[in-house]
Amino acid sequence: MIKSFMACMVVEGRSKKTIKAYRYSINKFFRYVGNKPYDQVTAFDIRAWLASMKISGRKNISIRNEKSNLATFFNWLFNEGIIEKNPCAPIRPIKVEQEEKSCFSSEEIDTIRSACSNTKQRAIIETLLSSGLRVSELCNLKMDDVDFGSLTVRVRCGKGGKDRTTFINPVAKKYICRYLSERKGESEYVFTSRYGKQYSASGIQRITIAMSEKCGFHIHPHRFRRTLASDLARKGMPIQEIQKTIRTYKS
């Protein structure tokens with residue numbers, strides 16, 4: 001039944017990342033309940049699972065995401081007429097504490113730049129800072145997508161499945177070009193691993209984790225998007241134009 005659900009999600013156009021998250025949460029739940037048949041699962045089973053994550057120290061936002069993934073599965077079973085009662089229906093929404101979404105200060109940006117250990121890292125940082133690209137978009141960025149003359153970047157099928165255009169600044173251009181001149185091998189992608197393969201999100205994560213340790217404060221790729229949005233607003237760009245450029249309201 002899980003395989004049938006996954007197949008339907010593929011047909012509906014859900015992303016690979018979303019489907020992977022569904023599979024992870026669903027399998028995790030059924031392992032917790034000892035592979036109990038799906039049509040015998042109760043709201044108490046789900047509440048116990050959620051409570052076990054809370055006791056183990058998981059944050060509410062993480063628990064909420066797990067519950068949402070599982071609820072999608074049981075909603076599908078119910079809507080398809082496979083089960084008569086949806087065990088997720090009685091469970092109330094999980095409250096999530098609102099955390100302040102901070103931007104990088106100019107001093108922090110200088111510290112991050114100083115922490116870059118090579119040209120590739122600096123090129124990635126400058127690209128994130130000036131373009132507002134998401135990590136997945138940065139990894140999927142191809143040579144044909146970047147126009148160094150106009151400093152424009154075409155983002156293919158970004159969030160929501162739509163293409164858009166964003167920009168890099170001259171500093172980002174300088175370090176990207178320097179990185180490309182130093183890089184060994186040819187690739188259709190702008191950023192590659194040391195083996196010449198398309199760079200991965202985990203590679204970006206390793207860089208930001210290492211930089212966080214060097215700099216002494218948390219560095220998350222999404223903070224670059226918020227920093228860019230804040231900087232554009234400070235310079236007087238209308239919010240509608242900022243949204244068109246980096247789609248911050250859908251993040």
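What follows is an exchange about helix packing and nonpolar cores in this predicted model.

Biologist: How are α1 and α2 oriented to each other, roughly parallel or roughly antiparallel?

Modeller: The axes of helix α1 (residues 2-11) and helix α2 (residues 16-32) come within 11 Å and cross at roughly 160 degrees. Angles over 145 degrees count as roughly antiparallel, and α1 and α2 are therefore roughly antiparallel.

Biologist: Which class of residue, nonpolar, polar or charged, has nine members in the contact of α1 with α2?

Modeller: On the α1 side the contact is formed by Ile-2, Phe-5, Met-6, Met-9 and Val-10, which meet Ile-19, Tyr-22, Arg-23, Ile-26, Asn-27 and Phe-30 of α2. Divided by class, these residues include one that is charged and one that is polar, while the nine are nonpolar.

Biologist: What is the handedness of the crossing of α3 and α4?

Modeller: Helix α3 (residues 43-55) and helix α4 (residues 60-79) have axes that come within 10 Å and cross at roughly 155 degrees, which makes α3 roughly antiparallel to α4. As for its handedness, the crossing of these two helices is right-handed.

Biologist: Which residues outside its sequence neighbourhood of four places does Ile-124 contact?

Modeller: Ile-124 belongs to the largest nonpolar core, of 34 residues, and is listed with Ile-112, Phe-191, Ile-219 and Phe-224 as touching the most other members. Helices α5 (106-115) and α6 (119-131) are among the elements that each supply at least two residues of this core. Leaving aside neighbours within four places in sequence, the contacts of Ile-124 are Leu-138, Phe-191, Tyr-199, Ile-204 and Ile-207.

Conventions. Residues are numbered from 1 along each chain as its sequence is written. This is a predicted model: local features need pLDDT of at least 70, side-chain atom pairs count only at pLDDT 80 or more; totals for chains, interfaces and linings use all residues. Side-chain values use heavy atoms; hydrogens and water are left out. Axes are lines fitted to C-alpha atoms, for helices over the stretch in contact, and angles run from 0 to 180 degrees between N-to-C directions. Helices (H or I, at least four residues) and strands (E, at least two) are DSSP runs, numbered from the N terminus. Angles under 35 degrees count as roughly parallel, over 145 as roughly antiparallel, 65 to 115 as roughly perpendicular and the rest as oblique. Contact means heavy atoms within 4.5 Å. Ala, Val, Leu, Ile, Met, Phe, Trp, Tyr, Cys and Pro count as nonpolar, Asp, Glu, Lys and Arg as charged, and the others, Gly among them, as polar. A nonpolar core is a set of buried Ala, Val, Leu, Ile, Met, Phe, Trp, Tyr and Cys residues joined through side-chain atoms within 4.5 Å. Buried means under 20% relative accessible area, exposed over 50%, partly exposed in between (1.4 Å probe, protein chains only). A crossing is left-handed if the near helix is turned anticlockwise from the far one by less than a right angle, and right-handed if clockwise.
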